[in-house]
Structures are given as C-alpha cells and as structure tokens.
Amino acid sequence: MSSVDLLLPLLVAVPMLLSTVPIALGLRFDRTGWSVAALTTTALVAATTTLANVVYTDGVVTHKLGGWSPAYGIELVLDEFSALIAVLVAVTAAGVLAYTRVGGPRGNTFYSGYLLLTGGLLGISVTGDVFNLFVFLEIVGLATYAMIASGDGPESAVAALKYLILGTVGASMYLIGVGLIFMATGTLNMGVLAEVLPAAVERDPTLVRAGFAFVFVGFSMKVAQWPLHTWQPDAYQHAPDGVTPVIAALVSTAYAYAFGRLLYSVFGPEFLTSTPYLTELVVTVGCVSVVAGSALAVIQTDVKRMFAFSSVSQFGLIVAAYGLVTESAFIGATIHLVGHAVIKAGLFAAAGLIAINYDARTVDEYAGLADEHPIVAGTMALLLVSLIGIPPSAGFVGKWYIALGAVEAQLWPVAVVILFSTLLTLAYSARLLEKMYFTPATPLEAPHVSESVATDGGENEDDAETAAGADAANDGDAGARGGTDTAALEAITANRDRNTVSYGMLALVVATALLAISLGFAGGFLADLLDPSFITEVFN
Amino acid sequence: MSESILPLAAVLTSAVAVVLIVASYRRPNIREGWSVLAALTQFGIVFSMLPGVLDGTVYKWSLQQSLGVEFLAGIDFVLRADLLGMLFALLASFLWIFTSFYATGYMRGLDEHDQTRFFAAFAASLSSAVGIAFAGNLVTIFVFYELLSLVTYPLVAHDGDREARIAGRKYIAYTFFGGGVILLAGTVMVYWLTSQTGTATTAFESGGIGALAEGAATDPTAAQITFYLLITGFAVKAAVMPLHSWLADAMVAPTPVSGLLHAVAVVKSGAFGIARVILEVYGPETIRDLPLSVPGIGEVGLNVPLAILAAFTLTAASIIALRKDHLKRRLAYSTTAQLSYIVLGLSMLHPYAILGALFHIPAHAFAKLTLFFCAGSVHVETHTDYISDMAGIGKRMPLTMSAFTIGAAGMAGMPLIAGFVSKFYMLLGAGYVGGEYWLFAAALLLSGVLNIAYFWPVVYTAFFESEDRHDAKPLLEFPAGGIRQFVGDELATDGGNRDEEPELNSDDDSGAGADSDADSEADYEFAVDQYPSDADVPGGPGGSSAEGDADSGVKTGTETAGTGHDHGHAVAHDDQHEHHGGPPAGGWTRHSPLTESTWLMLGPIVVIATGAVVLGVIPGHAAFLDLATEIVTSVFDANSLEQLRGPLSAALEVSTQ
Amino acid sequence: MIDAALDILASRYAYALLFVLLGTGLYMVIANENLVKKLIGVNLFQSAIFLFFIAMAYVDGRAPIIEGKSHGVGEIASPLPQVIVLTAIVVGIALTAVGLALIIRIYAEYGTLREDTLREVRADE
C-alpha cells in the first residue's frame with residue numbers, strides 16, 4: 001500500500017483549496033476559471049483511477065486524518081463500493097466541464113462552486129465518519145444552491161431557496177439521527193459503529209431505531225423520494241443548462257450512495273431485517289416513488305422537469321433495492337446508481353444543448369427535431385432507450401439485478417413494481433421519442449403536399465452537411481432551408497447566430513450515450529468489482 | 001458443439017448494413033444495394049451452417065469465451081446456431097432477400113419519405129430477428145426480443161401521421177409489456193428457480209433445462225407461474241388473443257413491413273419463442289409433470305389452457321377476418337389465426353403436432369408473404385386497399401392475383417401448397433393424443449373452412465366479377481345478423497322499401513350506398529376523375545390506365561342500381577381515409593402479366609409463391625421439413641419419427657429410454 | 001405513572017425543551033409565508049439540534065484525548081460533541097449567508113418577501 005493512502009485526503013482537499021483560486025485570479029484575469037477547473041478535475045480523474053486500481057487489486061485503502069485513532073478521529077476509507085462512486089464523480093465532473101466551456105454559465109465564481117462541489121462529492125464518497133458525512137452533505141448542498149442560483153432568471157433563485165430550505169432541513173434530520181446513534185454508541189466512525197451497534201441495539205433498540213428513522217427521513221429528502229421530492233423538479237428545471245447535468249448525475253447519486261453506505265456498512269443487514277417493518281417501509285417509499293415519479297413525469301411539458309421527475313422514479317428503484325436486503329439487489333442498486341448517473345448526465349446535457357442551440361425546451365417544441373438535427377436527436381434517443389432499460393444498456397443491467405433481488409427476497413409486489421417500471425419509463429420516454437421522430441416540425445406545412453416533398457429532398461442535403469461537419473457552422477445553410485417555411489426556422493437561425501454548439505458539448509453527449517450502451521455489457525464486470533470482498537463482508 | 005464466429009457474423013451482417021445504409025443516404029441506389037447485399041450475405045452465412053447443423057453440429061459463439069466479457073453475473077451472452085434456430089434464421093434471411101427487392105420497388109413506387117430510416121430500421125429488424133433465432137439462452141433472446149420491438153417501432157410509425165403514431169404507441173406499449181415486463185419477469189424467475197437446486201442458468205437445452213425440471217419439482221407453483229410468464233411474454237408478439245390487437249393496427253406500416261415483419265420475422269419471433277420455451281426451456285416432459293389443479297375439473301395439463309386459448313384465437317380471428325374490408329387488415333387477422341395454429345400445435349405437446357407447428361412457421365411465412373406482397377403491389381399500382389373496390393382487378397393484375405390465389409389456398413390448407421403439410425401433421429398429432437384433443441382438431445378443420453370463406457371472396461371478386469357487375473358482400477356490408485329486406489326481396493333491393501332506408505343509414509355507414517341515387521353516383525365519378533388514382537405513379541404502367549372522361553360519362557348513365565352498394569362504400573371510405581382506390585372510371589384496363597407492375601415487385605411475388613408451392617409439393621427436399629423433423633426427434637430423444645407414433649405418453653417414454 | 005413522567009421531565013427537561021424548539025423551527029419553515037422568517041425557522045431548527053448535542057455530551061469515563069493521565073473519573077463533558085457543534089455552527093452560518101443572498105436576489109427581482117405574493121407574481125408571468 002505504501003503511501004498511496006495519502007491521495008485520499010488530497011482527493012478532498014485539493015479541489016476545495018483550489019476552488020478559491022478562480023476567485024483570487026479573477027481579481028486580475030477574466031477567464032481562468034475553466035482552466036483551473038479542467039486541470040483539477042483531470043488530476044482528480046487520475047488520482048481516483050489510481051486509487052481504484054489499488055482498491056480492486058490490493059483491497060481497501062484507509063487514511064487516518066492527523067493520525068488520530070478512529071474512535072474519535074476522522075478516517076477516510078476507499079473500498080470497493082466507494083471507489084466506484086469516486087471514479088464516477090471525478091470522471092463526470094471532468095466530462096461535464098467540457099460541456100460548460102461553451103454551454104454553461106461562465107465566470108470564475110461558477111468554477112469555484114464547481115470545484116467545491118466536486119470536492120464535497122468526493123468527500124461524501126471517501127469519508128468513513130458519520131458526522132464528517134454531514135459536513136460534506138452540507139458542502140455539496142451549499143455549492144449546489146449557489147450553482148442553481150447562477151441561472152439567468154429570477155426563477156432560479158426561488159428554486160435554489162426552496163432547495164436550500166428543504167435540503168437543510170433534510171441534512172439536519174440526518175444530524176439528529178447521527179446524534180441519537182452517537183448517544184447509543186459513543187462513536188462516529190462507521191467501522192467502529194458497525195461493530196458496536198448490535199450491542200447498542202440490544203441495550204436500547206428504541207434509540208437506534210429512532211436514529212435510523214431520522215437518517216431515513218433526512219435522506220429521503222436529500223435523494224428526493226416522494227413525497228419529499230418537491231424541491232427537485234424546480235431545482236433541475238431552473239438551474240443553468242450546464243449545471244443540471246452535473247447536479248442530476250452526481251448530487252443525488254452521492255446522497256443515495258451515502259444512504260446505502262449507512263444502511264449496509266453502519267446499520268448492517270441484520271439490523272435491517274430484524275427490525276420490524278423497517279424493510280417494508282423503505283421498500284414502500286421506494287416503490288411509491290417509482291410510480292409517482294413516473295406518473296408525474298408523463299404529464300410534464302418541460303423536458304428538464306420531466307427528466308427531474310424521472311430521477312425521482314429511478315432513485316425510487318434504488319431505494320427499493322436497498323430495502324430488499326439481498327446481494328443481487330444491492331449489486332443492482334450500485335450498478336443502477338452508476339448507470340443512471342451516466343444516462344441522466346447525458347440526457348440533461350442533450351436537453352441543455354437543444355435548449356441553448358435550438359431553443360426547444362418543452363416536449364412540443366421537440367417536434368421534428370430528428371429531421372433537423374439527426375445526431376443530437378439520435379443520441380437522445382439512445383439515452384432514452386437506455387433509461388427504459390432496453391438491453392444492452394446500463395439501465396437494463398441495473399434493473400436485471402434489482403428484479404433478481406426482488407425475486408430472491410420473494411417480495412412479489414415489489415418485483416411487480418420494479419418490472420412494471422419499464423412500462424412507466426416507456427410512457428414518458430416514448431412521448432419524447434415520438435415527438436422527435438414522428439411529429440412534423442410545423443403542422444402548418446402539412447397541407448402543401450407537393451411542397452413538402454421538395455422539402456424532404458432539400459433537407460436531406462442539409463442533413464448531410466450537418467452530419468459531416470457537426471451542427472455548428474451551418475448558419476448559412478439554415479437560411480437556405482428557410483425556403484420551406486419562415487417564422488419558426490428564422491427563429492432557429494437567429495438563435496444559432498447567438499450561440500453555437502461546441503464540439504465539446506456534442507462530444508460529451510455522444511460519449512455518454514456510448515458509455516451508457518457499453519455499460520450494458522459490463523454487468524458481470526461491475527458485479528465482480530463488488531462481489532468477492534465487499535458483498536461477502538457485508539452480508540455475512 | 002463447435003466454436004464458431006458464424007452465428008455472430010450472421011447477426012452483425014445486417015447490423016453493419018444499418019451503418020452503411022445510413023452512411024449512403026444520399027445515393028438511393030447504393031443504399032438499397034447495401035440492403036440487398038446484406039440480405040444475400042446473411043443468407044449465405046446462415047446457409048453455410050445448414051449442412052453442419054443438420055448433421056448435429058451446433059455452432060456457438062460466446063461473449064465470455066471470445067472476449068472474456070461477462071454479460072451479467074453468471075450469464076453469458078451466447079449465440080448458438082442449433083436446429084431450431086436454423087429453422088427461423090434460414091427462413092427470415094431467405095425471405096429478406098426478396099423483401100429487400102420488393103421494398104425497393106414499393107417505397108419508390110409510392111415515393112415515400114424517410115426511406116433511409118426505413119431501410120436502416122428494416123436491416124436492424126433482420127439483425128434482431130436472426131439474433132432471436134440464434135440466442136443461446138433466455139437472457140440473450142430477451143436482449144434481441146427487446147431490440148426487435150425497438151427497431152420495428154419506427155417502421156410501424158413510419159407514416160408519421162396521427163393514425164400511424166397511435167398505432168406506434170399501441171405497438172410499443174404491447175410489445176414492451178410483453179418483453180420488458182412479462183418476459184423479463186419469466187427470465188428472472190427461471191434464473192431464480194434454477195439457482196435453488198444448483199447453478200443458476202438460463203441456457204436452452206434440447207428437451208428442457210435439467211436444473212429447471214428439478215427446481216419445478218421443489219416449487220411447482222412458481223414453475224407454473226414462470227411458464228405462463230414466459231409464454232405470455234412471447235404470446236404478445238405471436239398475437240395470441242387477448243393480446244392481438246396491436247397487429248391489425250400495425251398494418252398502417254408500409255406493406256413490406258407488414259409482409260416480412262408482421263407476418264414473418266416479428267410475429268414468428270413470438271411463436272419461435274414459445275417453441276423455445278416449450279421444447280428447450282421446460283421440455284414436454286416437465287410440462288406434463290406440472291398439472292394445474294382446476295377446481296371443478298380436476299387436473300389439467302399445463303399446456304391445455306394455452307391450447308384452448310390458441311384454438312379460440314384461431315377461430316375468433318378467422319371470424320373477425322370475414323368482416324374486414326381492408327385487405328391488409330383481413331390479412332392481419334388471418335395472420336393472428338395462423339400464428340395460433342403454430343401455438344396450438346406446440347401446446348398439444350405431441351411430437352407430430354409439434355412437427356406440424358414447426359413446419360407451419362415456414363409454410364405460413366411463404367404463403368402469407370405472397371399475400372402481403374400482392375396486397376402491397378395492388379396498393380402501389382392502383383391505390384386500392386379495400387376488397388369491395390377490387391371487383392375485376394384480375395384483369396389489371398393477373399399475375400399478382402394468381403399468386404394471391406396460391407397464397408390463399410396455402411392459408412386454407414389445400415393440398416399441394418405448403419399449409420396443407422403442416423396442418424396434416426398437426427391433425428395427426430391431435431389424433432394420436434385423442435380424447436379431448438379432437439376438439440382442437442375440429443378447431444383446425446373449422447378454421448380451414450373459415451379461411452376459404454374469407455379468402456375466396458377476394459379471389460372471386462378479382463377474377464369472376466367485373467367493375468360494374470358484382471354481387472353484394474353480405475358479410476361486409478350488412479349489419480351483423482343481416483337485413484331482412486335483402487334476403488326476402490332481392491328484386492326490390494333499391495327501388496322498394498324507401499321508407500326503411502334512413503334506418504339503414506344509422507345502422508351501418510357501409511350500407512349508406514343503398515340510398516345512393518344518380519346524383520351521388522355522379523359525384524363519385526367526378527371525385528375519381530379529379531384525382532386519378534394512377535396518374536402519380538412514376539415509371540409504372542399505371543399511368544396509362546388513366547382513362548378518358550367521356551367514358552365515365554357514358555358509364556354513369558348505364559350503371560345499374562346494384563352497384564350502388566359498392567360505390568357508396570367507396571365514398572364513405574373516401575371521407576375517412578382520403579384514399580382514391582377502386583377501379584378507374586373506365587374500368588380496369590387489361591394488362592399482361594409482364595407489364596402489370598415493376599419487376600422489382602413482381603419478381604419477389606413469383607419466387608415466394610413458387611416457394612409456397614415447392615414446400616407443399618416436395619417438402620422433403622426443401623430443408624425446412626428436415627430441420628423440423630430433426631428438432632422433434634432430438635427433443636424426444638428418438639431415432640426416427642416413426643418411433644414417436646402413438647399417444648403422448650408413449651412418445652415421452654421413448655425419450656426416457 | 002405521573003410520578004414517572006414527572007421524573008423523566010425533571011431529569012431530561014433539556015431534551016423536552018429542545019424538541020419544543022425543534023418543532024417551533026420546523027413550524028416556522030412550513031407555515032410562515034415570509035421568506036426571511038422561514039430562514040430564521042431553519043436556524044432555530046438547527047440551533048435546537050446543536051443544543052441537543054451539547055445536552056447529551058456528558059459521558060461517564062475520562063476525557064479520551066488526554067492519554068496517559070488519569071484525571072477524575074465521573075461525569076465529564078465529552079469533547080467530541082463540542083467539536084461537532086462548532087463545525088455544525090460554521091456550516092449553519094454559511095447556509096444562512098447563502099440563503100440570505102438568495103432572498104436579497106428574490107426581493108430585487110420580485111419586490112416581495114412573502115411566498116404567497118411571490119406565487120401570484122410568478123403565476124402572472
């Protein structure tokens with residue numbers, strides 16, 4: 001192991017310290033934020049992959065901060081479970097940065113917030129201390145509120161405040177839970193807690209159960225489980241287009257990871273199954289969120305809002321999987337965490353790209369998108385298909401393990417909900433697919449049959465250049481296309497003049513789509529990462 | 001068992017073609033060239049494995065062994081060309097060759113939009129269909145089953161109008177309910193059941209998965225539920241009632257899609273899946289050992305409810321088909337019925353019935369594809385979709401309608417055409433089992449009669465009637481149960497009983513023709529002239545069939561009142577669908593078989609119709625019967641088919657010896 | 001029964017009081033229409049939690065940090081919760097600052113601090 005564990009504190013400290021740099025440099029230079037952030041996240045990707053490599057070959061890496069004993073000091077731990085999330089965080093943070101260079105809110109303060117967020121998320125992944133976890137939850141929260149509020153309109157400030165109040169209450173709930181557990185055991189270290197909790201449960205079960213209840217409510221709020229999800233749609237919808245991908249992909253994922261960590265590493269499967277009605281409660285909350293989230297997603301008109309409700313539903317699936325307490329379900333939850341993060345990052349990035357460049361934000365405005373912009377529409381379609389869980393894709397692998405877990409636990413109603421969630425996801429995804437591919441852009445064109453035939457021919461050539469040279473620089477082309485119809489296309493042209501698609505944005509969206517598909521073949525690989533050591537340790 | 005990349009190559013051929021088709025979208029000729037080339041290559045690859053497979057070799061490609069990637073923990077991604085898979089893959093890839101020619105002719109003939117998307121999705125469908133055929137375990141078949149649903153969706157919703165979108169929604173909802181929900185549930189259950197008694201597996205084994213049989217013995221209820229989950233999952237695509245209604249709606253798709261996918265590849269993938277479940281997941285023996293106890297009746301075989309459902313479907317769908325005037329919809333209900341032949345044959349469990357069912361997969365495919373191609377070619381040349389508009393069309397399209405007759409005879413199970421052989425074996429199987437299974441034999445025979453009842457009118461009207469003199473079609477035009485005045489007093493059909501006509505209108509809009517007088521007929525004629533149906537067919541000889549106006553004026557005067565039914569009918573359809581079908585005002589012009597349409601469409605029709613006859617006359621020389629026989633003997637572990645004569649229990653004894 | 005209840009109240013009055021404070025804070029967050037007061041509610045809620053940590057900090061044993069020297073054994077204040085509360089207060093202040101900044105922005109944009117008015121204004125847009 002040598003001194004590789006020294007990387008652990010650096011993982012958290014470096015981005016947080018460097019988050020001050022853009023502001024400091026901002027006093028003299030205008031646009032340094034992106035470069036600082038890019039350098040930092042690249043370094044983080046290297047560090048996390050190195051650490052993950054060590055973890056998966058040699059086993060768990062731990063670091064005691066300041067050399068204090070774990071009983072009262074803070075310990076950082078990277079094991080098989082957290083290494084996956086740490087790599088996900090670093091890679092996604094670096095990837096989305098490519099997107100924000102052109103698309104996102106620019107300015108040095110934004111990148112300060114971005115680095116703070118990254119540091120906080122990595123902190124959540126590596127911490128081995130329940131109170132330290134609270135601090136990182138709040139750091140992530142703070143950075144998120146600030147970044148959401150950096151949107152253009154006043155709406156984003158309202159959404160951020162709503163999130164701030166609910167998020168703080170949620171984190172505080174978690175803090176109460178930590179207090180109660182501390183009362184029962186006298187320690188805050190996760191590893192030590194896991195050892196002493198069984199005795200504490202015997203001594204005073206009510207205290208530990210009350211602690212669990214507060215932790216659960218706190219995380220239900222943070223992960224946005226129905227009915228505590230109300231902050232999420234507003235926050236996702238009004239956040240700037242460059243911010244939503246990283247928030248949607250990572251923040252809730254990190255929270256859900258932390259919840260899973262507490263459930264399995266701190267409370268342990270035995271406590272979960274032996275406490276009456278506990279698993280039933282967790283599973284019910286998850287299942288209700290699956291159904292309610294999807295149902296609400298179907299009726300949304302705003303695309304980003306629809307995806308936000310979709311997140312409620314997908315995290316419901318993960319929480320339900322946690323509640324099943326079987327090995328397969330836990331593997332499924334972990335894989336779905338990663339898979340969903342990739343898919344949602346791609347979906348929100350694509351939605352942002354479309355919003356910025358083609359000014360389409362509602363489902364209706366997506367009509368005919370596939371003809372105009374085949375690459376973006378195709379990528380979006382691929383991501384939606386992965387979200388539905390059509391194999392081979394990331395969404396399918398997670399669902400397979402979760403469904404298997406539900407069957408193994410022989411909880412048939414849960415199995416039914418999990419399997420039917422495919423159909424529920426299909427309901428809103430298909431709506432978007434149909435709009436993009438099978439609904440003509442402007443209904444006014446329909447009556448002129450002969451003219452629209454000519455349109456097809458013309459557009460084909462147009463698409464050709466789009467495909468060949470990316471959508472970026474065909475402003476002139478769009479003008480040529482204007483021959484078909486006027487108002488709508490002129491609006492698009494005007495928009496294109498204002499903003500152009502960067503290759504970075506397009507590349508990120510395409511790369512996530514490909515990653516989402518290739519993860520579909522990694523089902524066995526991901527399960528192997530967790531299986532031999534972590535799973536057996538937890539479940540025995 | 002031999003390691004080979006051939007099964008993967010067969011699947012990837014058309015997947016690669018998708019990329020090439022999309023890449024060459026600016027050059028239609030090259031694009032369609034890729035399509036044809038991929039079809040030929042795919043068939044070549046599949047065909048090259050045929051001799052080996054018939055000798056008992058199984059070509060297998062596994063993701064884990066070749067690339068070291070584990071698809072899911074404990075589950076490999078396997079493509080395996082075995083006997084059963086060969087049957088389906090050979091069929092799909094062979095028919096794709098001709099369909100790709102036909103599709104070219106069809107799409108160009110109609111000057112359709114988004115042809116690139118169409119051909120790309122078509123190639124992707126074939127890729128998935130061959131993947132389904134070669135899938136080596138339930139998870140792999142699930143992957144391709146889902147992909148097939150996905151890539152056929154753009155084909156169903158191709159038109160992009162309201163009707164197509166709604167049909168697309170219905171299609172995708174049904175297929176994902178069947179695949180993503182029910183079939184996945186069944187697959188997970190199989191994995192769980194086998195994990196309880198040993199190593200978890202979902203890999204197919206001829207005669208049933210051994211571990212599953214043990215698992216079923218410990219937990220029979222779960223095994224029974226799993227069986228029905230799997231069957232239901234596949235039955236959605238096989239259009240078994242009550243999950244059939246997507247099929248008729250999916251007929252809004254272009255005809256090559258209806259032909260190859262919704263008569264062969266997609267729907268057969270459902271029937272094929274059922275065959276896999278019955279023969280290679282559960283196995284006839286396990287199914288027999290898991291009787292359901294039904295209150296009031298006693299123990300009933302697990303297969304019997306399925307057989308009853310199939311028998312019901314094939315009767316009910318035939319009856320519904322009688323009343324469909326839209327030719328493609330009638331064919332769709334016929335498909336629903338014919339697919340249930342296959343399901344019924346498989347669920348009777350007797351080796352001969354299974355043999356018949358397996359042979360019915362290609363038999364129906366050839367005959368039904370002929371029928372669809374004919375319907376499509378009629379649509380392209382004359383824009384006629386409704387049977388009531390087809391009186392005398394045999395003059396206009398003699399070759400097409402002759403091929404249609406052959407296909408229809410095959411559907412009805414006339415000797416010397418493919419459908420007869422399969423039905424013969426199924427009846428034999430029902431006979432060997434005896435007992436209540438005579439009921440199923442009766443259903444098969446009754447359905448044959450119904451087949452004649454709904455196909456004969458098409459043939460009759462095409463060849464033996466003419467535009468201005470044809471009979472009423474009581475089943476189509478009258479309300480269910482009939483109208484007394486037509487039966488009782490034929491001569492007074494129009495002139496008399498005027499007072500009853502308003503009632504007639506309110507009953508059934510197709511009966512509206514009864515009150516059409518000279519004025520409305522004149523309107524109708526004018527409508528046809530205003531939009532001459534054939535004028536916009538480029539390159540086709542149809543243009544020459546646009547007729548002189550003077551002709552129509554004469555005809556209006558001379559028309560008999562009896563034709564009022566037909567024309568009123570057409571007017572009603574015009575209102576709804578904006579189609580301008582039916583004979584041109586001067587009647588159909590007579591064409592020779594060589595000039596009635598483009599050879600891009602006629603060629604495939606001739607070849608496929610010939611195929612249907614070949615399968616009926618010399619089934620033993622056309623590979624499919626050999627394959628089906630080999631499958632049955634290997635499932636029942638017998639040396640020859642003769643051993644398996646006799647009741648089902650005796651046939652199963654053979655397998656245990 | 002009543003004696004027992006009184007006994008608990010007498011020995012654990014701090015907890016009872018803190019949960020009243022907690023409830024008050026939460027009620028303000030939910031029921032008050034004024035955004036600033038909502039934020040004050042959040043602060044109250046958090047303060048109650050801090051006090052809760054302080055109140056439970058008495059433990060039996062000796063101070064853990066000072067190794068080797070055994071001072072008096074008995075009820076002492078554990079230093080760990082103190083540290084926790086210190087950290088949490090810092091976090092809480094940061095949150096309040098961000099919250100107030102957002103409220104100032106909202107006020108500048110909409111000219112109101114009341115949530116019901118805000119809702120009307122936004123609905124009109």
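## Where the two chains meet

Let's start at the contact between the chains: 37 residues of chain A and 39 residues of chain B take part in it. Everything described here belongs to a predicted model. Together, chain A and chain B bury about 3,300 Å², and carbon and sulfur atoms account for 75% of that area. Three residues are worth finding on the chain A side: W400(A), E434(A) and F438(A) supply 23% of the area that chain A buries against chain B, more than any other three residues.

Two salt bridges are counted between chain A and chain B. One pair to look for is E434(A) with R169(B), whose side chains meet in a salt bridge at 2.7 Å, N to O. There are also four residue pairs in polar contact across this interface, with both residues at pLDDT 80 or more.

## The chain A side of that contact

Which helices of chain A give two or more residues to the side that touches chain B? They are α17 (394-408), α18 (412-438), α19 (449-469) and α23 (523-539). The largest share comes from α18(A), with nine residues. Sorted by class, this side of chain A holds 24 nonpolar, seven polar and six charged residues.

## Two domains within chain A

Chain A also has a contact inside itself. Its domain assignment gives domain 1 (1-276) and domain 2 (328-540). Here, 27 residues of domain 1 of chain A are in contact with 26 residues of domain 2 of chain A. The area buried between these two domains is about 2,300 Å², with 79% given by carbon and sulfur atoms.

How many salt bridges are counted between domain 1 of chain A and domain 2 of chain A? The count is one. D241(A) forms a salt bridge with R361(A), and their closest N and O atoms are 3.5 Å apart. For polar contacts, the rule finds zero residue pairs across the interface of these domains, taking pairs with both residues at pLDDT 80 or more.

On the side of domain 1 of chain A that touches domain 2 of chain A, α4 (80-100) and α11 (244-274) each supply at least two residues. Of the elements there, α11(A) gives the most, with 11 residues. By class, this side of domain 1 has 17 nonpolar, six polar and four charged residues.

## An annotated stretch of chain B

Turning to chain B, an unreviewed UniProt entry carries the annotation "domain: NADH:quinone oxidoreductase/Mrp antiporter transmembrane" for residues 135-443. In the model, that span of chain B is 76% helix and 2% strand. Its end C-alpha atoms lie 33 Å apart.

How values were computed. Residues numbered from 1 in each chain as written. Chains lettered and ligands numbered in written order. Predicted model: local features only at pLDDT ≥ 70, side-chain atom pairs only at ≥ 80, totals over all residues. Heavy atoms only, no water. UniProt positions renumbered as here; feature names shortened; annotations may be inferred. Helix = DSSP H or I, 4+ residues; strand = E, 2+ residues; numbered from the N terminus. Domains from an automatic or database assignment. Contact = heavy atoms within 4.5 Å. Buried area = accessible area lost by both parts, 1.4 Å probe. Salt bridge = Lys/Arg side-chain N within 4 Å of Asp/Glu carboxyl O. Polar contact = N/O pair within 3.5 Å; in protein donor to acceptor, adjacent residues only side chain to side chain. Nonpolar A, V, L, I, M, F, W, Y, C, P; charged D, E, K, R; others polar.
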